[in-house]
Amino acid sequence: MAIKFLRPALAVAAAVLVLGAGLVAGTGTTADDAYAAGAPVTTAAPVTTTTPSAKAAPTKTVSPVGALFANGTHFCSASVVHSGAGDLVLTAAHCVKDGMSFAPDYHDGVAPLGMWTVTGTAVAAGWTSSADPDLDFAFLTVQQAGNPASLESLTGANVLGTNRGFDHATTLTGYPDTTDSPVVCNGTTTRFDTYQLRVACPGFPDGTSGGPWVTDGAVIGVIGGYQLGGDTPDVSYSAYFDDDIAKLYASVTG
């Protein structure tokens with residue numbers, strides 16, 4: 001079974017907060033396979049053009065979800081989350097490494113808004129010290145040389161959703177290592193453990209880690225947590241977004 005992304009050695013330049021940590025009790029592959037058996041079918045990618053009128057040219061809709069790159073290759077997924085400065089991206093903590101760039105709305109091998117350099121990272125101290133799966137989330141600040149506009153002003157953003165419970169209809173998006181376009185799935189989340197969410201969505205292999213779980217415009221999870229997101233591409237996990245991520249967000253946004 002594949003995992004979402006093998007955790008690299010962390011080299012985090014930004015200061016980290018000391019946040020709460022918890023333990024996760026896992027299940028075996030048999031339970032995951034049984035859960036995946038009832039998974040919904042992966043949906044097509046969201047519509048990217050709209051036609052306001054018969055005479056108007058189509059208007060491109062830019063997605064706040066994109067791919068993380070290092071050394072010219074995309075390896076994880078991420079998304080723009082609302083902030084005052086408009087420069088904040090959310091991903092999984094196990095995706096954090098040196099030399100990252102973010103390509104919003106990456107598709108068909110094209111980065112329509114170019115590459116945005118990661119200039120700062122923030123992860124919980126509990127992740128740095130012990131890779132606590134309940135703290136597998138990270139915020140990245142980004143900028144693009146020569147561009148005075150904020151990233152959020154160009155892509156829009158999801159708001160951060162915390163303490164919203166475990167059962168939601170949600171949309172997952174991520175970038176498999178082997179493709180240059182995202183996969184998208186609509187699924188229903190359930191509680192896996194005290195601080196873990198689970199969802200059955202087929203087709204989310206290596207590279208999709210950090211991809212957002214979005215409900216009504218709020219991101220309530222990212223692929224990660226238990227087994228770094230799961231040991232099968234058909235079931236994904238996320239750390240539950242509670243006060244720990246809220247405190248980390250506040251440390252970055254002020």
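In which order do the 3 strands of the open sheet stand? The order is E12-E13-E16, and the pairing is antiparallel. The model described here is a predicted one.

## The chain as a whole

The protein chain contains 4 helices and 16 strands. Of its 254 residues, 49% are buried. Among the contacts that join residues at least 6 apart in sequence, 72% link residues at least 24 apart. The chain exposes about 10,500 Å², and carbon and sulfur atoms supply 56% of that area.

## The open sheet

Strands of a sheet pair through backbone hydrogen bonds, either parallel or antiparallel. In the open sheet E12-E13-E16 the pairing is antiparallel. Strand E12 (190-193) and strand E16 (235-239) are the edge strands, since each of them pairs on one side only. From one strand to the next, the twist averages 40 degrees.

Strand E13 covers residues 196-200 and is joined to E12 by 3 bridges, with the two strands running antiparallel. Across this pairing, Thr-190 stands opposite Arg-198 in E13.

The edge strands also carry an aromatic pair. The structure holds 8 aromatic pairs. One of them is formed by Phe-192 and Tyr-237, in an edge-to-face arrangement with 4.9 Å from centre to centre and 65 degrees between the planes. Phe-192 lies in strand E12 and Tyr-237 in strand E16, so the pair ties together parts that are 45 residues apart in sequence. Are the two residues buried or exposed? Phe-192 has a relative accessible area of 12% and is buried because this is under the 20% cut-off. Tyr-237 is buried too, with a relative accessible area of 0%.

Elsewhere, Phe-69, Tyr-106 and Tyr-175 form one aromatic cluster.

## The barrel and its helix

A second sheet is a closed barrel of 6 strands. Its strands run in the order E3-E4-E5-E8-E7-E6, and the pairing is antiparallel. Neighbouring strands of the barrel are turned against each other by 45 degrees on average, direction ignored.

Within the barrel, 4 bridges join E5 to E8, and these two strands run antiparallel. Leu-90 stands opposite Phe-139 in E8. Helix H4 packs on this sheet and touches E5, E7 and E8. The direction of H4 makes about 25 degrees with that of E8.

## The nonpolar cores

In soluble globular proteins, nonpolar side chains tend to be buried together. The largest nonpolar core here has 38 residues. Which residues have the most contacts inside this core? They are Leu-68, Leu-90, Phe-102, Phe-139, Leu-160 and Phe-241. Among the elements that give two or more residues to the core are strand E3 (65-70), strand E4 (73-80), strand E5 (88-91) and helix H4 (243-253). Strand E7 (116-123), strand E8 (138-143) and strand E15 (218-222) are also on that list.

A second, separate core has 12 residues, including Val-183, Cys-185, Val-199 and Ile-223.

Phe-139 shows how the parts of the larger core meet. Leaving out residues up to four places away in sequence, Phe-139 touches Val-81, Leu-88, Val-89, Leu-90, Gly-120, Thr-121, Ala-122 and Leu-160, among others. Its contacts also include Ile-245, Leu-248, Tyr-249 and Val-252, and helix H4 spans residues 243-253.

## Three loop residues

The table lists three residues that lie in loops, with their accessibility.

| Residue | Loop | Relative accessible area |
|---|---|---|
| Asp-105 | between strand E6 (101-104) and E7 | 7%, buried |
| Asn-158 | between helix H3 (151-155) and E9 | 10%, buried |
| Asn-163 | between strand E9 (159-160) and strand E10 (169-174) | 43%, partly exposed |

Asp-105 has a positive phi of about 60 degrees although it is not a glycine. For Asn-163, phi is near 50 degrees, again a positive value in a residue other than glycine. Asn-163 counts as partly exposed because its 43% relative accessibility falls between the cut-offs of 20% and 50%.

What does Asn-158 contact, apart from its neighbours within four places in sequence? Asn-158 is in contact with Pro-64, Val-80, Val-81, His-82, Val-214, Gly-217 and Val-219. Val-81 appears among the contacts of Phe-139 as well.

Technical notes
Residues are numbered from 1 along each chain as its sequence is written. This is a predicted model: local features need pLDDT of at least 70, side-chain atom pairs count only at pLDDT 80 or more; totals for chains, interfaces and linings use all residues. Side-chain values use heavy atoms; hydrogens and water are left out. Buried means under 20% relative accessible area, exposed over 50%, partly exposed in between (1.4 Å probe, protein chains only). Contact means heavy atoms within 4.5 Å. Accessible areas come from the Shrake-Rupley method with a 1.4 Å probe; for residues, only the protein chains shown count as cover. Two strands pair if DSSP finds at least two bridges between them. Axes are lines fitted to C-alpha atoms, for helices over the stretch in contact, and angles run from 0 to 180 degrees between N-to-C directions. A nonpolar core is a set of buried Ala, Val, Leu, Ile, Met, Phe, Trp, Tyr and Cys residues joined through side-chain atoms within 4.5 Å. Rings of Phe, Tyr and Trp (its six-membered ring) pair if their centres lie within 6.5 Å; planes under 30 degrees apart count as stacked, over 60 as edge-to-face and the rest as tilted.
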